[in-house]
Amino acid sequence: MPKPYDDAMKKLVDRRPQDFLWWFFRNAQFVKQLPYELNVENVYADGLLEAIIDGKRALVHIEFQSYNDLRIGERLLEYNVLASRQYDYVRVYSWVIYLKDCGNVPQSPYIREWSEDEETIRFKYGSIELHKVTAAELRQKGLIGLLALLPLTKDGTQHEVIEEMIEELVAA
């Protein structure tokens, strides 16, 4: 719903768009006016968990990846902002978990630049490449919920790893 000043300010920008561009960037040249409405599609996170971290309410956003998405940082940023907005601007920690070797995947932070020396966005996120983690490292966490990921680890296809995983899952 538009706020009281919105219509008036939109008309002001519509009448003299070049003036606003020059105000921000002296070397800008107006091309055309675009629609005001920004389309927001339904976005579904793979996991969104509310938590208390260091005594403060937070959200943890999890994305599972099975391919190398060169725009993963941008996607995580979008999910992060939408989740923060939807849940009272609480801090959101985003994590991507690669389920297999996806090659040279983008690394945190995601950086968008205006130019080589001017960043517009710097967004940090966590990243776990399961194929680089050993079964022992994952098992060391002592977390039953992670056992099903053991076959995706560096040595997770070894017969003894699978047998131990099944035994631990049955016991749980």
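# Exercises on a predicted model

D19 is partly exposed, with a relative accessible area of 32%. Buried means under 20% relative accessible area, exposed over 50%, and partly exposed in between, using a 1.4 Å probe and protein chains only. This is a predicted model, in which local features need pLDDT of at least 70 and side-chain atom pairs count only at pLDDT 80 or more, while totals for chains, interfaces and linings use all residues. Residues are numbered from 1 along each chain as its sequence is written, and side-chain values use heavy atoms, with hydrogens and water left out.

## Exercise 1: Salt bridges

Find the partner of D19 in a salt bridge, then look at the salt bridges of D69 and R71.

*Solution.*

Step 1. Start with the rule: a side-chain nitrogen of Lys or Arg must lie within 4 Å of a carboxyl oxygen of Asp or Glu. By this rule the count comes to 10 salt bridges.

Step 2. The partner of D19 is R16, with 2.9 Å between the closest N and O atoms.

Step 3. D69 pairs with R75, and here the closest N and O atoms are 2.7 Å apart. D69 counts as buried because its relative accessibility is 11%. D69 and R75 are also linked with E63 in a network of salt bridges.

Step 4. R71 bridges to E74 with a closest N and O distance of 3.0 Å. R71 is exposed at 53% relative accessible area, whereas E74, at 26%, counts as partly exposed.

## Exercise 2: An aromatic corner

Are the rings of W23 and F24 stacked or edge-to-face?

*Solution.*

Step 1. A pair of aromatic rings is described by the distance of the centres and the angle of the planes. Rings of Phe, Tyr and Trp (its six-membered ring) pair if their centres lie within 6.5 Å; planes under 30 degrees apart count as stacked, over 60 as edge-to-face, and the rest as tilted.

Step 2. The structure holds three aromatic pairs. For W23 and F24, the ring centres are 5.3 Å apart and the planes meet at 20°, so this pair is stacked.

Step 3. Now place the residues. W23 is found in helix α2, residues 17-24. Helices (H or I, at least four residues) and strands (E, at least two) are DSSP runs, numbered from the N terminus. Together, F20, W23 and F24 form one aromatic cluster.

Step 4. Check the accessibility: W23 is exposed at 65%, and F24 counts as exposed at 54%.

## Exercise 3: The largest nonpolar core

Which elements each supply at least two residues of the largest nonpolar core?

*Solution.*

Step 1. A nonpolar core is a set of buried Ala, Val, Leu, Ile, Met, Phe, Trp, Tyr and Cys residues joined through side-chain atoms within 4.5 Å. In soluble globular proteins, nonpolar side chains tend to be buried together.

Step 2. The largest nonpolar core has 12 residues in all, among them V60, I97, L138, L150 and M165. The elements that each supply at least two of its residues are β2 (56-65), α4 (135-140) and α5 (159-171).

Step 3. Zoom in on L150. Not counting residues up to four places away in sequence, L150 touches A135, L138, R139, G156, V161 and M165. Contact means heavy atoms within 4.5 Å.

Step 4. Apart from the largest core lies another one, of 10 residues, including I72, C102, V105 and Y110.

## Exercise 4: Life in the loops

Is T153 buried or exposed, and which loop holds T153?

*Solution.*

Step 1. T153 sits in the loop between α4 and α5. With a relative accessible area of 5%, T153 is buried.

Step 2. Leaving out residues up to four places away in sequence, the contacts of T153 are L130, H131, V133, T134, A135 and L138.

Step 3. Try another loop residue: D54, between β1 (47-53) and β2. D54 counts as exposed, because its relative accessibility is 76%. Phi of D54 is near 55°, a positive value in a residue other than glycine.

Step 4. Y89, in the loop between α3 (72-86) and β3, has a positive phi of about 55° too, although Y89 is not a glycine. Y89 is exposed at 62%.

Step 5. Finish with P109, in the loop between β3 (91-98) and β4 (110-115). The peptide bond leading from S108 to P109 is cis, with omega near 0°.
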